[in-house]
Amino acid sequence: MRINTDFIRKCVGLQDIKITYVNINKGIFEIFATSAFDFANCPKCGQLTQQPHDKRYQSYEHLPIWGLKTVIILEIKRYKCSCDPEHPFDENFKFIRKYQRRTIPFEEYIFNLAHKNTIQNIAELIGISHNACQRIYNYYAKQKLATKKPKKLELLGIDDIAVKKGHNYNTVIYNQETGSSIDVIEGRTKKDVLDYFKTLPQEVKDQIKAVSMDMSKGYCAAVSESFSNAKVVIDRFHITKNLHDKVDEIRRKIQNKAKKENNKAKTFNIRWALLKKVENLTGKELSNLLLAFEEYPVLEKLHYLKEEFSKFFTIKSKEAAHAFIDYFKELVKEYEIVELESFSNTLNNWLEEILNYYDYQISNGLIEGNNHKIKNIKRRGYGYRNQDNFNLRVKLEFAFK
Ligand SMILES: [Zn+2]
């Protein structure tokens, strides 16, 4: 067959090779090629040598041409150098990584495909093993991440995330300024987080000014012990959630009791209405609430306290916020709702960290959305049993979002 090797060379798109022959064999596009040079640089002394020793052929999978699996059968010469004639060396091609059986353009193609697909999908599509595909992904992901200049870390966020419903928690660390995930840690205990913080260089630890989190003793202790200059900031959404959980718990108790007494008429449909802001209630919700209040005055008190507490988030100064918390605790006492005293205690126990918000106005609001993204990655890549592979994927997707 007469072949236009120049045209094929352009299709192949690799530099520094001469194409000697092409063939289609059992649906595989075979390209025979050799180096365009008849010399090589000695890896030991750096001198050029033209003394061939012997040669061998090695095949490398390349980007598909015209939809066909494409293999480059490369002649690899071994050269001898006068500096060490006993040890000949292989000539080296820029488009192949050491010990790999695929060309770099083909590996990059696999990496790009894997960006929005699971490793398993790509492995099946390309016809390579899962492990080989994962190794290619990891290599190029690390290279790509290395091109990103690390941002100065000053404000962090930390949150837990359920990997599987009910068990297996991970901890996610965020850079508050970029919204990027810095790392995903297995587990959520103080030790889990402490062990991770130990891996950070001292100068990074010294720069950290504040870390937002929910009211988790483990996270708080890990941060205080690891970063001498950092303040813990309790996430505002979690304070509200804590109060709402308490309110809901009391409502449930009252309604369960009514149900037990077979008093169906008195189990009002107020679960969400009770927690909603008054101005957002529908007419129906409001009338349900009012009916319930008539029957159970404690619900009315509870509702009032909940509404009153929402004013906390409009306060602009640390002093006023401190005064408000004292006022609210008094109010709980006055209304004699024993169950809410545990919320007052929570406010007491975390007072300093709650007020730290006025020094660093950070919250985990941003993080909640990111947690979604991480769960999605987890779902998409199901089979991420290896935490390092998972972390790498998370980092890359956040770094180039
Ligand atoms: Zn040499």
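A residue is called buried if 20 or more other C-beta atoms lie within 10 Å of its own, exposed if 12 or fewer do, and partly exposed in between, with C-beta atoms placed from the backbone. The structure is a predicted model, in which local features need pLDDT of at least 70 and side-chain atom pairs count only at pLDDT 80 or more, while totals for chains, interfaces and linings use all residues. Residues are numbered from 1 along each chain as its sequence is written.

**Exercise 1. Decide whether Asp388, Tyr304 and Phe227 are buried, partly exposed or exposed.**

Step 1. Asp388 lies in helix α16 (residues 387–399), where helices (H or I, at least four residues) and strands (E, at least two) are DSSP runs numbered from the N terminus. Asp388 is exposed, because 9 other C-beta atoms lie within 10 Å. Asp388 and Leu48 are 340 residues apart in sequence, and their C-alpha atoms are 42 Å apart in space.

Step 2. Tyr304, which belongs to helix α11, has 13 other C-beta atoms within 10 Å and is therefore partly exposed. From Tyr304 to Tyr169 the separation is 135 residues in sequence and 36 Å in space, C-alpha to C-alpha.

Step 3. Phe227 is found in the loop between α7 (217–226) and β12 (231–234), and it is buried, because 21 other C-beta atoms lie within 10 Å. Leaving aside neighbours within four places in sequence, Phe227 is in contact with Lys205 and Ile208, where contact means that the C-beta atoms of two residues, placed from the backbone, lie within 7 Å. Phe227 and Asn356 are 129 residues apart in sequence and 16 Å apart in space, C-alpha to C-alpha.

**Exercise 2. Describe how the chain is divided into domains, and which of them the largest nonpolar core draws on.**

Step 1. The protein chain is divided into domain 1 (5–96), domain 2 (155–235 + 364–399) and domain 3 (236–358), with bounds that come from an automatic or database domain assignment. The C-alpha centres of domain 1 and domain 3 lie 74 Å apart.

Step 2. The largest nonpolar core has 48 residues, and those with the most contacts inside it are Leu156, Val211, Met213, Tyr219, Val223 and Val233. At least three residues of this core come from each of domain 2 (155–235 + 364–399) and domain 3 (236–358). A nonpolar core here is a set of buried Ala, Val, Leu, Ile, Met, Phe, Trp, Tyr and Cys residues joined through C-beta atoms within 7 Å.

Step 3. Tyr219 touches Ile158, Val193 and Met213, if residues up to four places away in sequence are not counted.

**Exercise 3. For the helix pairs α5 and α7, α8 and α13, and α11 and α12, state whether the helices are roughly parallel or roughly antiparallel.**

Step 1. Axes are lines fitted to C-alpha atoms, for helices over the stretch in contact, and angles run from 0 to 180 degrees between N-to-C directions. Angles under 35 degrees count as roughly parallel, over 145 as roughly antiparallel, 65 to 115 as roughly perpendicular, and the rest as oblique.

Step 2. The axes of helix α5 (residues 190–198) and α7 come within 8 Å and cross at roughly 30 degrees, so α5 and α7 are roughly parallel to each other. The contact is made by Lys190, Val193, Leu194 and Phe197 of α5 and by residues of α7 including Gly218, Tyr219 and Ala222.

Step 3. Helix α8 (residues 236–260) and helix α13 (residues 341–349) have axes that come within 10 Å and cross at roughly 165 degrees, and α8 and α13 are therefore roughly antiparallel. Here Asn242, Leu243 and Lys246 in α8 meet Ser342, Phe343 and Thr346 in α13.

Step 4. Helix α11 (residues 297–309) and helix α12 (residues 318–335) pack at an angle of about 175 degrees, with their axes 11 Å apart, which makes α11 roughly antiparallel to α12. Lys301, Leu305, Glu308 and Phe309 of α11 make this contact with Phe328, Leu331, Val332 and Tyr335 of α12.

**Exercise 4. Locate Lys26 and Tyr99, and describe the sign of phi in each.**

Step 1. Most residues other than glycine have a negative phi, and most peptide bonds are trans.

Step 2. Lys26, in the loop between β1 (17–25) and β2 (28–35), has a positive phi near 50 degrees. Lys26 is exposed, with 6 other C-beta atoms within 10 Å.

Step 3. Tyr99, in the loop between β7 (89–90) and α2 (104–114), has a positive phi of about 65 degrees although it is not a glycine. Tyr99 counts as exposed, with 5 C-beta neighbours inside 10 Å.
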